[in-house]
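Student: I have just opened this model and would like to learn how its features earn their labels. Could we look at it together?

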Amino acid sequence: KNAYATVSTRLCSIRDGLASLPDKLAGLITPDWVKVLPGFVTKLQNELSMAPGSLAEEVWQEAHDPEINPEIVWEATVRVSNDLCDDEHLFLKRRKEHTRAALAKYLQIPISEIHPDDVPVIAMCGSGGGLRALVAGSSSSLAAKESGLFDCLTYTAGVSGTCWLQALFYSSITNQNHGALIQHLKNRLGVHIAYPPAAFSLINSAPTNKYLLSGLIEKLKGVPEADFGIVDIYGLLLAARIFVPKGELNVTDYDLKLSNQRRFIAQGEHPLPIYTAVRHEIPKTEKSATGAEADKRKAQKEDWFQWFEFTPYEFWCEELTAGIPTWAVGRPFAAGRTVWRNNNLSLPEIRIPLLLGIWGSAFCATLSHYYAEVRPIVKNLAGFNGIDHMMMERDEDLLKVHMIDPATIPNFVMGMRGSLPETVPESLFKEERLKLMDAGMSNNLPIYPLLRPGRDVDIIISFDVSADAKEANWLRVVEGYARQRGIKGWPVGAGWPPENASKEQIQTELDAAQKGTKTEASEEATKSQTKSGERQAKPQPPLDLSYCNIWIGSTTERSTGEEPPPSKLVEDDMQLMTPDAGICVIYYPLLPNAKVPDADPHTSAFMSTWNFIYTPEQVDKVVDLARANFEEGSEQTKRAVRAVWERKKRLRVEQEKEERELRKVIKAERRREELRSGRGVGKSITDGDHGDHFS
């Protein structure tokens, strides 16, 4: 069966199963609202039936209309390059004008004193963490906006819940106002995303039914072999809860396409948002003459996460060094070109509801990730040690098993063998669809895209609301990435290693970080700490995090094999102004704050990653906590920004001085050469003046 027929069959099964429940039994074991579900499902089935006059027929007709979906007639090709796309280059040029004025206001300096080349490229990124990340991130952004810092940003980047934040901010629902965004969350988060009466009401009633279901209908009708799974449903429910404004009538289809966010950044008015997802490359192990153990080691080595980034301009993957226009995401490709349908049209751009599901699909984690989540809870149970030992022995295998299948989109590099780097796995040239999931599977902080060459980010401000912010140490995981890519300037040691850590321990942790998963890194770190403890009689307790932590990297070239020294926390602003200073990382973990006693990320049940209901009062508590934490480091952050600006200014002035001196030397040398050749002593009598006295 094709995808559309499969969904229709499932709806029939759901309807018949609900209708067959005896009234007495239903009243005993199910809520009262279950009785109305068969009617909801029947209506939904009718709307999706493709019968004349149905919603599905209307959506499918509009999917063929270039006036409504102009991208269906646009040719798209795969761009193979490590460089930024032309649209982003133009954005950077225009954004610089805005950030220059914003920096002058933020630092209270006359704009005439700020040279465009001295303006630091500042990026703000937020971690995953479900609705906690959405609410806390909105508050942190609002506090940064009120301080003047947000207007100085060139980029924002998100994982999971922070991607939802960005999608809402760049929509007509909030009109790029963080205060309006927080009010919207207070209006909409009081009902669980999966509460059936509320969800079915929106899905079955105009105008929200068309608004929410159009992307699903286009996917199922346009790609008959498409997968339809839990992530699709999850994205639909998320959109119904957080992407519908209060009143549920003022919805616009323009908000449903990521590429349409270009209208909010076209002139550089706002930072460029970066959304993230990962693909888990799991090689198929085939027995060979080298033996089972060699095959297993090879498979373990090749098991990794590939990062994909979405911007309003381009969908791109660093591993592939290839990307496509964002408006072309959702259509099939072959050999780097669009595969046109029989009517010479393509499919419309994939809709935001499915992307919301992909960006936040933490439940698509591997068995290893699931076990890491429940391990602290069950460690006191009888028989835990035996089970734990068995699970740890099989961790490499558990890392390759996903309990829930990720969502899929058409693979744009299918059939491009020979055009991409040799490191690209063979599977990508053959698979018709890309399986994408929450980037938090690899790193819960979206820092990798900010280190992309060409973006040249000077300052990364990271708001980490991860449930395990202290233990996971996601900043440390970045070091393995920076080493693999040869990125200069990343602050080695950022992330607060234990005070008693040796150089060998740090190296072990960095090697572990290259694998890119929290479980692997934490296990290697544990082994390293054990060995370190054996060498030291009195190991000291690890340092703790503060509200605002700053590290600065170094760009100094070192001899081959020589390791840079671990970066220490910045205690003096002068450390940020050394000529060889690299990337400045400003890290805000979400910590308890005495100013907000009723909101503790570690003990408040409503702040769990898996909580999908926030009352207005709970939203206020999280907002107050995030704001209080930002205020703790607001002045420290401003001083860091000023120091980086002053360093860039001094380096530019010194470089200009050197260039002027060099031009003087060159000019003097040319003059001496002219004198030696007789060309610099003025005109001779024969140079055309005929010797008259006027000459």
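**Rings, strands and a helix**

Tutor: Happily! Let's begin with a group of rings: Tyr275, Phe308, Phe310, Phe315, Trp359 and Phe412 form one aromatic cluster. Keep in mind as we go that this is a predicted model.

Student: How many aromatic pairs are there by the ring-pair rule?

Tutor: The count comes to 16 aromatic pairs. One of them is formed by Phe463 and Phe630.

Student: What makes Phe463 and Phe630 an aromatic pair, and why is it called tilted?

Tutor: Their ring centres are 6.2 Å apart, and the limit for a pair is 6.5 Å, so they qualify. The planes meet at 40°; stacked needs under 30 degrees and edge-to-face over 60, so the pair counts as tilted. Phe463 lies in strand E12 and Phe630 in helix H22, so the pair ties together parts that are 167 residues apart in sequence. Both Phe463 and Phe630 are buried.

Student: Why is the pair of Trp551 and Tyr587 called tilted?

Tutor: The same reasoning works. The centres of Trp551 and Tyr587 are 6.3 Å apart, with 50° between the planes, which is neither under 30 nor over 60, so this pair is tilted. It links distant parts of the chain, with Trp551 in strand E13 and Tyr587 in strand E14, 36 residues apart. Trp551 and Tyr587 are buried.

Student: How do you know that the charged end of Arg452 sits over the ring of Trp316?

Tutor: The charged end of Arg452 is 3.4 Å from the centre of the Trp316 ring, and the distance limit is 6 Å, so that part of the test is met. The rule also asks for a position within 35 degrees of the ring normal, and Arg452 is listed as sitting over the ring.

Student: Which strands stand at the edges of the open sheet?

Tutor: The sheet has 10 strands in the order E1-E7-E6-E5-E4-E3-E2-E12-E14-E13, with mixed pairing. Strand E1 (79-80) and strand E13 (549-554) each have a single partner strand, so one side of each is left without a neighbour in the sheet.

Student: What makes E1 and E7 a pair?

Tutor: Pairing needs at least two bridges, and E1 is joined to E7 by 2 bridges, so they pair. They run antiparallel, and Arg79 has Gly323 as its bridge partner in E7. E6 and E7 also pair in the antiparallel sense, over 4 bridges, with Cys317 partnered by Ala322. By contrast, E2 and E12 run parallel, joined by 5 bridges; there, Cys125 has Ser462 as its bridge partner.

Student: How do you know that the length of helix H5 agrees with its number of residues?

Tutor: At 1.5 Å a residue, the 22 residues of H5 (residues 86-107) should span 32 Å, and the end C-alpha atoms are 31 Å apart, which agrees. H5 also bends by about 30° at Arg95. Its buried residues, including Phe91 and Leu103, pack against helix H6, strand E3, strand E4 and helix H22. Just after H5, Gln108 takes a positive phi of about 55°.

Student: Why is Ser112 called exposed?

Tutor: Ser112 has a relative accessible area of 65%, and exposed means over 50%, so the label fits. Ser112 is in the loop between H5 and E2. From Ser112 to Ala101 it is 9.6 Å in space, C-alpha to C-alpha, and 11 residues in sequence.

Technical notes
Residues numbered from 1 in each chain as written. Predicted model: local features only at pLDDT ≥ 70, side-chain atom pairs only at ≥ 80, totals over all residues. Heavy atoms only, no water. Expected span 1.5 Å × (residues − 1). Bend = angle between axes of the 7 residues up to and from the residue. Buried < 20%, exposed > 50% of the residue type's maximum accessible area, 1.4 Å probe, protein only. Contact = heavy atoms within 4.5 Å. Phe/Tyr/Trp six-rings, centres within 6.5 Å; stacked < 30°, edge-to-face > 60°.
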